[in-house]
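Got your viewer open and ready to click around? Let's take a short tour, one selection at a time.

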Amino acid sequence: MDKLIIVGAGLSGATLARLFADGGKDVTVVDKRATIGGNAYDYVDKNGIRVQPYGPHIFHTKEKEVFDFLSKFTEWNAYEHKVLANVKGKLVPVPFNLTSLYACFPKAKADRIKKILTEEIGVDKHVPILQLKQHENAEIREFAHFVYNNIFYKYTKKQWKMKPEDLGNAVMDRVPVYVSYEDRYFTDDYQFMPKNGFSEMITNMLRHPHIRLKLNTDAAGVLSFKDGKIYLEGKEFNGVVVYTGRVEEIFGYSFGALPYRTLKFKVKTFNRSSFQNAAVVNYTTSHRFTRITEFTKFTCGAKDKTVIVKEYPKKCKKSDMPYYPIPTEKNCAQYEKYAAEAAKYKNLYLLGRLANYKYINMDIAVLNAMKMFDKINEEYVFDEE
Ligand SMILES: Cc1cc2nc3c(=O)[nH]c(=O)nc-3n(C[C@H](O)[C@H](O)[C@H](O)COP(=O)(O)OP(=O)(O)OC[C@H]3O[C@@H](n4cnc5c(N)ncnc54)[C@H](O)[C@@H]3O)c2cc1C
């Protein structure tokens with residue numbers, strides 16, 4: 001193994017590995033899965049349709065640096081994501097915007113609400129639902145209650161088994177209410193899908209003479225951690241380990257498993273070119289699943305077949321894939337215990353969604369890896385290779 005070991009070949013690990021490799025360092029990347037890309041992994045099925053088995057992934061970023069970096073490994077297709085909510089059988093855009101307002105209310109009432117929203121909140125403003133619910137104007141509060149009940153409440157309960165209020169702003173602020181006709185789900189400057197998928201992009205990142213990739217390799221089988229020292233196959237290891245797996249694994253779950261939500265995916269192929277009116281339809285007032293994604297709508301173009309996936313959220317058991325950290329105060333305090341243990345190891349770095357116990361989009365995974373590259377270079381002196 002090399003002086004630099006990265007656990008995890010997801011976007012966090014692949015970005016960091018590539019940065020070090022471009023700088024002339026030898027890097028070993030291990031992943032327990034048989035595939036690269038972590039949860040961004042995708043494949044083309046027998047009908048030529050690209051499927052994302054770990055849930056729909058759409059790339060968007062404000063960060064030019066991230067976009068420029070990834071553009072070295074893929075060409076892009078322009079793609080602006082649009083989502084509809086199925087509200088008691090009626091399809092309305094989400095984030096809830098002025099088009100949604102007119103779809104849900106009679107015109108005179110919608111005119112009145114629009115006038116108050118633009119006067120009190122402002123044109124083209126985005127406002128978190130929990131803030132809207134507290135507004136001093138009673139008519140805005142009444143409107144906010146409607147949106148809360150029909151868009152947020154049941155969806156959040158299904159997804160998190162918690163009420164929106166108990167989840168905290170970090171999660172709820174991700175989908176604000178728009179006082180505008182903006183119907184794109186994201187407003188970032190860069191909104192694209194990799195032309196040949198995320199797997200190809202990440203494979204290109206990892207294809208480098210300085211990178212050794214070991215798939216089907218669980219870190220637990222080769223690395224151990226004790227009293228501030230890292231051991232590689234039983235021998236003390238003085239190189240750097242960057243860990244992007246679950247932080248609890250490093251310390252034998254000594255402070256307990258950190259709670260996650262997971263998803264069960266039901267994928268289905270249909271012999272027709274289209275299943276629904278948008279790439280994603282959220283079911284905000286009905287059904288056990290939260291949303292249906294139709295992969296062929298992600299720039300694939302029309303085909304005679306289409307593939308959809310329904311997402312059923314559930315509590316994450318130890319044998320399940322941990323998808324969404326649940327960022328309550330209690331859980332974050334539990335995470336901090338692990339982070340404090342990790343800090344005792346001068347050559348151990350925690351990176352990514354699982355090791356940092358924080359939901360991050362793909363662009364932030366890349367950005368954080370770039371910051372980690374600078375940090376390791378500042379803190380660690382590599383022997384000349
Ligand atoms: C359902 C869902 C939908 C999402 N949609 C979007 C989206 O639309 N847009 C967006 O930008 N982001 C999206 N994301 C977020 C995106 O998946 C993350 O930003 C990204 O996966 C973070 O990359 P990562 O490398 O930190 O983690 P991961 O992708 O989880 O990669 C971690 C890797 O570490 C490996 N590993 C773990 N433990 C070990 C071990 N002990 N030994 C060896 N290997 C190990 C795993 O096998 C995995 O390959 C979504 C996430 C989910 C869950």
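Which domains does the domain assignment of the protein give? Try colouring domain 1 (4–79 + 192–256 + 325–379), domain 2 (92–179) and domain 3 (260–315); these bounds come from an automatic or database domain assignment. The C-alpha centres of domain 1 and domain 2 lie 35 Å apart.

Two notes before you go on. This is a predicted model, where local features need pLDDT of at least 70 and side-chain atom pairs count only at pLDDT 80 or more, while totals for chains, interfaces and linings use all residues. Residues are numbered from 1 along each chain as its sequence is written.

**Stop one: the ligand**

Select the ligand and show what surrounds it. You should find 35 residues there, and the closest are Gly10, Gly38, Gly55, Gly245 and Gly352. (A residue is near a molecule if its C-beta atom, placed from the backbone, lies within 6 Å of it.) The elements giving two or more residues to this shell are α1 (11–22), α10 (219–222), α13 (352–355) and α14 (362–379). Helices here are DSSP runs of H or I with at least four residues, strands are runs of E with at least two, and both are numbered from the N terminus. Now colour the shell by class: 16 residues are nonpolar, 12 polar and 7 charged. Ala, Val, Leu, Ile, Met, Phe, Trp, Tyr, Cys and Pro count as nonpolar, Asp, Glu, Lys and Arg as charged, and the others, Gly among them, as polar.

**Stop two: strand β2**

Next, pick residues 27–30, strand β2. Is Val29 buried or exposed? Val29 is buried, along with Val27 on one side and Thr28 and Val30 on the other, so to speak both faces are covered. (Buried means 20 or more other C-beta atoms within 10 Å of a residue's own, with C-beta atoms placed from the backbone.)

Add β1 (residues 4–7), which pairs with β2 in the parallel sense over 3 bridges; strands pair if DSSP finds at least two bridges between them. Look for Val7 and its bridge partner Val30. Follow the chain from β1 through α1 to β2 and you trace a right-handed β-α-β crossover: with the strands pointing away from you, the path over the helix runs clockwise. β2 also pairs in the parallel sense with β12 (residues 211–214), over 4 bridges, and there Val27 has Ile211 as its bridge partner.

**Stop three: a three-stranded sheet**

Finally, show the open sheet with the order β13-β14-β15 and antiparallel pairing. β13 (223–226) and β15 (235–237) each have a single partner strand, so one side of each is left without a neighbour in the sheet. Zoom in on Ile230 to find its bridge partner in β15, Phe237.

Key. A residue is buried if 20 or more other C-beta atoms lie within 10 Å of its own, exposed if 12 or fewer, and partly exposed in between; C-beta atoms are placed from the backbone.
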